[in-house]
Amino acid sequence: MSGLKKLFEKKVDERQEMELMKVERMGFWVMYFMLFAIIVIDWILKFDFLDPMLGIWLTFMVGSMIIIIGCGRKGLWTYQSRKVPGIKSWLMYSLIAGVFNMIVGLIYGLRLPMEDPITVMACMIGFGVFTFILTFIVFAIYGSITKKQEEKLEAINYEDDDDEE
């Protein structure tokens with residue numbers, strides 16, 4: 001049990017926690033109202049050409065981008081990490097994304113009518129590898145930007161602390 005507690009232990013200070021809550025709140029309300037609009041449009045107007053999954057996916061992506069960009073601008077990553085993680089964590093996150101997409105792709109691909117399941121599996125393995133590489137590149141770029149922002153904000157806070165003395 002202590003390992004699980006340690007995994008979810010907050011390591012951010014009060015200011016960082018407040019900044020994370022502001023970002024999460026904005027992301028939540030944007031997703032909430034976008035989903036509400038999709039439900040109303042689908043329920044009242046019954047557009048046959050509007051794929052409901054497209055709206056849900058778009059809402060999820062917009063909300064995710066708000067949270068990612070907001071946290072990056074504040075120099076934060078999560079409640080559980082005091083500092084922005086490094087390459088080891090990015091590799092782990094990328095591996096999880098690649099394996100997840102490969103499994104989902106295999107499940108979806110094997111449901112389709114096909115003549116050669118080996119080809120489908122090879123394509124999905126390639127898709128998983130591509131997802132791993134792309135995710136790692138995105139984490140590396142975004143993590144570097146977030147680390148620089150974190151250092152910049154810490155320098156500003158350090159100067160403010162010096163001015164108070």
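Here are some questions and answers about this predicted model.

Me: How many helices and how many strands does the protein chain have?
Reply: Let's start with the overall layout. Reading along the sequence, you get the pattern α-α-α-α-α. That fits the count for the protein chain, which is five helices and zero strands.

Me: What share of the residues in the protein chain is buried?
Reply: To be buried, a residue has to have under 20% relative accessible area. The protein chain has 165 residues. Of these, the buried ones make up 21%.

Me: How much of the accessible surface belongs to carbon and sulfur atoms?
Reply: Take the whole surface to begin with: the accessible surface of the protein chain comes to about 12400 Å². The part of it that belongs to carbon and sulfur atoms is 71%.

Me: Which residues make up the largest nonpolar core?
Reply: A core like this takes buried residues joined through side-chain atoms within 4.5 Å. Leu76 belongs to the core, and leucine 76 touches Leu20 and Cys71, among other residues. With five residues in all, the largest nonpolar core is Val12, Leu20, Val23, Cys71 and Leu76.

Me: Is threonine 135 buried or exposed?
Reply: Look in helix α5, residues 117–164, to find threonine 135. Leaving aside neighbours within four places in sequence, threonine 135 is in contact with Ser94 and Ala97. Its relative accessible area is 18%, and the cut-off for buried is under 20%, so threonine 135 counts as buried.

Me: How far apart in space are glycine 55 and methionine 34, C-alpha to C-alpha?
Reply: Glycine 55 sits in helix α3, which covers residues 52–73. Glycine 55 has a relative accessible area of 14%, so it is buried. Along the sequence, glycine 55 and methionine 34 are 21 residues apart, while in space the C-alpha distance is 8.3 Å.

Me: Which residues is glycine 128 in contact with, leaving aside its neighbours within four places in sequence?
Reply: Glycine 128 lies in helix α5 and is buried, with a relative accessible area of 6%. Its C-alpha atom is 5.7 Å from that of asparagine 101, even though 27 residues separate the two along the chain. Leaving aside those sequence neighbours, the contacts of glycine 128 are Gly98 and Met102.

Me: What is the area of the nonpolar surface patch that includes Ile125?
Reply: Start with isoleucine 125, which lies in helix α5. A patch residue needs over 30% relative accessible area, and isoleucine 125 has 44%, which counts as partly exposed. Ile125 makes the patch together with Val129, Ile133, Ile137, Ile141 and Ile145, and the area is about 540 Å².

Me: What kind of aromatic pair do phenylalanine 28 and tryptophan 29 form?
Reply: By the ring-pairing rule, the count is three aromatic pairs. For phenylalanine 28 and tryptophan 29, the rings are 4.9 Å centre to centre, with 75 degrees between the planes. Planes over 60 degrees apart get a particular label, so this pair is edge-to-face.

Me: Which residues form the aromatic cluster that includes Phe28?
Reply: Phenylalanine 28 is partly exposed at 45% relative accessibility. Tryptophan 29 is partly exposed too, with a relative accessible area of 37%. One more residue joins them, and the full cluster is Phe28, Trp29 and Phe33.

Notes: Residues numbered from 1 in each chain as written. Predicted model: local features only at pLDDT ≥ 70, side-chain atom pairs only at ≥ 80, totals over all residues. Heavy atoms only, no water. Buried < 20%, exposed > 50% of the residue type's maximum accessible area, 1.4 Å probe, protein only. Contact = heavy atoms within 4.5 Å. Helix = DSSP H or I, 4+ residues; strand = E, 2+ residues; numbered from the N terminus. Patch = residues over 30% accessible without salt bridge, like charges linked within 9 Å, V, L, I, M, F, W, Y side chains within 5 Å. Areas by Shrake-Rupley, 256 points an atom, 1.4 Å probe, with all protein chains shown as cover. Salt bridge = Lys/Arg side-chain N within 4 Å of Asp/Glu carboxyl O. Phe/Tyr/Trp six-rings, centres within 6.5 Å; stacked < 30°, edge-to-face > 60°.
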